[in-house]
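Please look over the sequence and the model below before reading on. The report that follows goes from one side-chain contact to the chain as a whole, and then to its cysteines and its surface.

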Amino acid sequence: TGSTASTFENSGPHRWRYIKAGGALVAGAPATITTSAVDYLSVTNVTAATIATRVAGIAQQAFDSGEYGWVLCFGLGTVKVAAGAGTSNAGDMMVTDAGNIGVDSAAADEGAEAAEIIGHFAATIAAEATGLAFIRCE
């Protein structure tokens, strides 16, 4: 799978991380460093217990298991909001939500729970839809 780095070349700085998918990754979903990985490149979709410091980035394209490619860890990119997460508004916080992207429009009160802030939405995005967000999972 090729990188989509050129897709957002005129939208400010971006930081990408080269990974090896430890399992299938969905475009727009967060990827995390696995605890059982034998090398630091292996990532998979996040689980409910994953905290933000382990999110490697957001997949900008789908990955098959074992495939190498780039995930976006900083900058404007495409995210997919989880089913049942509600609709985001521009400026709402983007959080991890049981392995997907969730919406938190309240004050930053999540503490050290699974729902950690990994960016902010740049537009209104309905549940199960994709849209733009400012990603920050460094």
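Which backbone nitrogen does the side chain of glutamine 60 reach? In this predicted model, the side chain of glutamine 60 reaches the backbone nitrogen of threonine 78, at 2.9 Å. Glutamine 60 itself belongs to the loop between β4 (55–59) and β5, and glutamine 60 counts as buried because its relative accessible area, 11%, falls under the 20% limit.

**The chain as a whole**

The protein chain contains nine strands and zero helices, so that, read from the N terminus on, its elements run β-β-β-β-β-β-β-β-β. Of the 138 residues in the protein chain, 43% are buried, while the accessible surface comes to about 6,500 Å², with 53% of that area belonging to carbon and sulfur atoms. When one takes the contacts between residues at least 6 apart in sequence, 61% of them join residues at least 24 apart. Separation along the sequence can also be set beside separation in space for a single pair: isoleucine 19 and glycine 66 are 47 residues apart in sequence, and their C-alpha atoms are 9.5 Å apart. Isoleucine 19 lies in strand β1, which covers residues 15–21, and it is buried, with a relative accessible area of 1%.

**The cysteines**

Why does cysteine 73 form no disulfide with cysteine 137? The closest cysteine sulfur to that of cysteine 73 is the one in cysteine 137, and because the two sulfurs are 6.7 Å apart, they are too far from each other for a bond; a disulfide would need them within 2.5 Å. Cysteine 137 is likewise in no disulfide, and a search of the whole structure finds zero disulfides. Cysteine 73 is buried, at 1% relative accessible area, and cysteine 137 also counts as buried, at 2%.

**Accessibility of some residues**

The table sets out the relative accessibility of residues discussed in this report.

| Residue | Relative accessible area | Class |
|---|---|---|
| Isoleucine 19 | 1% | buried |
| Glutamine 60 | 11% | buried |
| Tyrosine 68 | 39% | partly exposed |
| Cysteine 73 | 1% | buried |
| Cysteine 137 | 2% | buried |

**A patch on the surface**

Tyrosine 68 is found in strand β5, which covers residues 68–80, and tyrosine 68 counts as partly exposed because its relative accessibility of 39% lies between the limits of 20% and 50%. Together with Tyr18 and Trp70, Tyr68 forms a nonpolar patch on the surface, and the three residues have about 300 Å² of accessible area together.

Definitions and conventions
Residues numbered from 1 in each chain as written. Predicted model: local features only at pLDDT ≥ 70, side-chain atom pairs only at ≥ 80, totals over all residues. Heavy atoms only, no water. Patch = residues over 30% accessible without salt bridge, like charges linked within 9 Å, V, L, I, M, F, W, Y side chains within 5 Å. Areas by Shrake-Rupley, 256 points an atom, 1.4 Å probe, with all protein chains shown as cover. Salt bridge = Lys/Arg side-chain N within 4 Å of Asp/Glu carboxyl O. Helix = DSSP H or I, 4+ residues; strand = E, 2+ residues; numbered from the N terminus. Buried < 20%, exposed > 50% of the residue type's maximum accessible area, 1.4 Å probe, protein only. Polar contact = N/O pair within 3.5 Å; in protein donor to acceptor, adjacent residues only side chain to side chain. Contact = heavy atoms within 4.5 Å.
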